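Have the sequence and the fold side by side for this walk-through. We start at an annotated site and then move out to the strands and helices.

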Amino acid sequence: MTLATDPSHTEDLLAFLQGSSSPYHAVSQAARRLEKAGFTELSETEEWTGRSGGCFVARGGALIAWYVPEGAPAHTPFRIVGAHTDSPNLRVKPRPDTGSAGWRQVAVEIYGGVPLNTWLDRDLGISGRLTLRDGTSTLVKVDEPLFRVPQLAIHLDRSVNESMALDRQRQTQPIWSLGRPEQGALLRRIAYEADLEPTEILGWDLMLHDIQAPGHLGAEREFLVSSRLDNLVSVHAGVTALTAATEAWSQDAGAESFRVPVLAAFDHEEVGSGSETGAQSPLLERVLNRSVAARGGSGEDWSRALAGALCVSADMSHAVHPNYSERHDPDNHPLPNGGPVVKVNVNQRYATDGTGLAAFAAACERAGVPLQRFVSNNAMPCGTSIGPITAARLGVTTVDVGVPGLSMHSARELVGARDPGYLAQALAEFVTTS
């Protein structure tokens with residue numbers, strides 16, 4: 001049985017999606033799986049001593065994890081899987097208690113490229129990170145139908161089926177109660193859920209999420225539907241590949257066969273990656289440099305490890321849409337359950353070149369995984385990923401890949417049920433043998 005057809009892998013992915021309602025929860029979920037596989041969390045403020053095995057660093061909504069095989073030289077090349085933990089959503093403003101016309105509402109800010117209509121009339125919970133008076137942080141999650149962004153009834157807007165453009169300030173604020181706005185009301189509810197006093201909370205990073213559970217769809221349950229498939233499918237596949245790599249080398253393997261597999265799960269990709277935990281930050285570079293130095297490596301070893309490195313930027317891709325096929329390139333129509341997609345853009349919105357494509361294609365062949373291609377219609381603007389950022393920052397060959405799906409950035413997205421397993425298999429092969 002392969003991961004693509006293994007129900008335990010699919011069920012673990014669904015549990016990961018359900019538990020990862022914010023980037024901070026995604027990191028917590030990934031860390032838990034890594035620890036179960038024998039990885040050790042390191043503190044960035046403490047000295048790192050050289051040793052083999054698995055380690056990871058967690059900072060906010062970002063996680064960098066790596067595995068050093070026993071006996072691997074300090075200059076062993078890296079095999080990096082890059083992904084991101086954040087998804088477009090509605091995030092709570094610093095003064096959240098607002099309202100109008102007898103309704104209590106929550107003031108939200110729109111994060112990333114959100115198709116706003118997909119958030120209308122959905123039952124929403126809230127989750128994220130609380131920063132406390134003593135400087136520590138704790139996670140909070142309310143998986144209950146607390147909020148709703150109500151759509152205007154068609155009787156009050158007969159043109160809604162001809163055009164609908166929501167005012168991003170006035171028409172996206174969710175309701176959650178009746179009465180006059182009361183400052184501190186939301187914070188009190190959040191504090192109660194976290195078993196804290198409101199006075200203990202000095203800061204927060206909170207966001208709304210659709211509470212509908214992920215699941216299967218289709219005549220033969222051939223699809224998965226969920227929030228945050230972009231890009232938690234890739235994060236989960238990266239964790240799976242990294243833990244699989246811990247069994248890939250025997251202690252007496254030749255040094256020339258070693259690779260150091262790395263998972264870099266960044267935050268804030270959906271808003272450009274320009275943060276301390278985003279792909280534009282020096283976080284990955286610093287962590288990998290320290291991992292080489294901790295094993296007694298020199299600057300020369302660091303340069304050699306990077307010079308031999310390869311990176312896969314794994315992020316959700318577009319499947320051809322049956323109702324809008326003219327929006328796609330006429331000769332490239334990726335479909336769900338056809339395997340991961342290599343994404344190409346000669347203007348470097350994706351980092352893929354022939355060298356990177358060949359490396360990933362070879363890994364897919366060895367893993368028995370089918371491979372598809374994606375390129376944008378020339379008349380349509382192309383998205384981007386952390387791939388070009390990582391390639392430029394580290395100077396490493398990078399290939400952009402992803403699971404094809406529909407409704408990207410929607411409050412609820414769709415992918416093929418086999419493709420997450422295909423991606424995990426391909427990544428496991430890539431980080432150990434490429």
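Leaving aside its neighbours within four places in sequence, which residues is His-409 in contact with? They are Pro-88, Gly-113, Pro-115, Asp-230 and Glu-270. Keep in mind that this is a predicted model.

His-409 sits in the loop between strand E19 (404–406) and strand E20 (413–416). Its side chain reaches the backbone oxygen of Gly-113 at 2.9 Å. His-409 has a relative accessible area of 19%. Buried means under 20%, so His-409 counts as buried.

Why start with this residue? The unreviewed UniProt entry carries a "binding site" annotation that covers His-84, His-155 and His-409. These residues spread over 326 residues of sequence, and in space they are up to 41.6 Å apart between C-alpha atoms. Of these residues, His-409 is included in the lining of the largest cavity.

Now turn to His-84. This residue lies in strand E4, which covers residues 78–84. His-84 is buried, with a relative accessible area of 1%. Beyond residues up to four places away in sequence, His-84 touches Asp-230, Asn-231, Val-235, Phe-266, Glu-269, Glu-270 and Asp-315. With Glu-269 there is also a polar contact between side chains, at 3.3 Å. Compare the two contact lists: Asp-230 and Glu-270 appear for His-84, and Asp-230 and Glu-270 appear for His-409.

Strand E4 leads into a sheet. Its 9 strands run in the order E1-E2-E3-E13-E4-E14-E18-E16-E17. The sheet is open, and the pairing is mixed. Which strands stand at the edges? They are E1 (40–41) and E17. Each has a single partner strand, so one side of each is left without a neighbour in the sheet. In general, strands of a sheet pair through backbone hydrogen bonds, either parallel or antiparallel.

One pair shows the antiparallel case. Strand E16 (residues 341–344) and strand E18 (residues 397–402) are joined by 3 bridges. Val-342 stands opposite Val-401 in E18.

Helices lie on this sheet. H8 packs on it, touching E4, strand E13 (260–266), E14 and E18. The direction of H8 makes about 165° with that of E18. Helix H7 (residues 354–367) lies across strand E14 (310–314), E16, E17 and E18. H7 runs at about 55° to E18.

Between strand E17 (372–375) and helix H8 (387–394) comes a loop that holds Asn-377. Is Asn-377 buried or exposed? At 18% relative accessibility, it counts as buried. Asn-377 touches Glu-326, Arg-327, His-328 and Asp-329, not counting residues up to four places away in sequence. A polar atom of the Asn-377 side chain lies 3.2 Å from the backbone oxygen of His-328.

Finally, look at strand E7, residues 124–132. E7 is mostly covered, with 7 of its 9 residues buried. E7 runs antiparallel to strand E10 (residues 201–210), and 9 bridges join them. Leu-124 stands opposite Asp-210 in E10. E7 also pairs with strand E8 (residues 137–147), again in the antiparallel sense, over 7 bridges. Here Arg-129 has Leu-139 in E8 as its bridge partner. E7 and E8 form a hairpin with 4 residues between the strands. In that hairpin, Gly-135 takes a positive phi near 90°.

How values were computed. Residues numbered from 1 in each chain as written. Predicted model: local features only at pLDDT ≥ 70, side-chain atom pairs only at ≥ 80, totals over all residues. Heavy atoms only, no water. UniProt positions renumbered as here; feature names shortened; annotations may be inferred. 1 Å grid on protein atoms, 1.4 Å probe; cavity = no way out; pocket = protein on both sides within 12 Å on 5 of 7 lines; lining within 4 Å. Helix = DSSP H or I, 4+ residues; strand = E, 2+ residues; numbered from the N terminus. Buried < 20%, exposed > 50% of the residue type's maximum accessible area, 1.4 Å probe, protein only. Contact = heavy atoms within 4.5 Å. Polar contact = N/O pair within 3.5 Å; in protein donor to acceptor, adjacent residues only side chain to side chain. Pairing = 2+ DSSP bridges. Axes fitted to C-alpha atoms, helices over the stretch in contact; angles between N-to-C directions.
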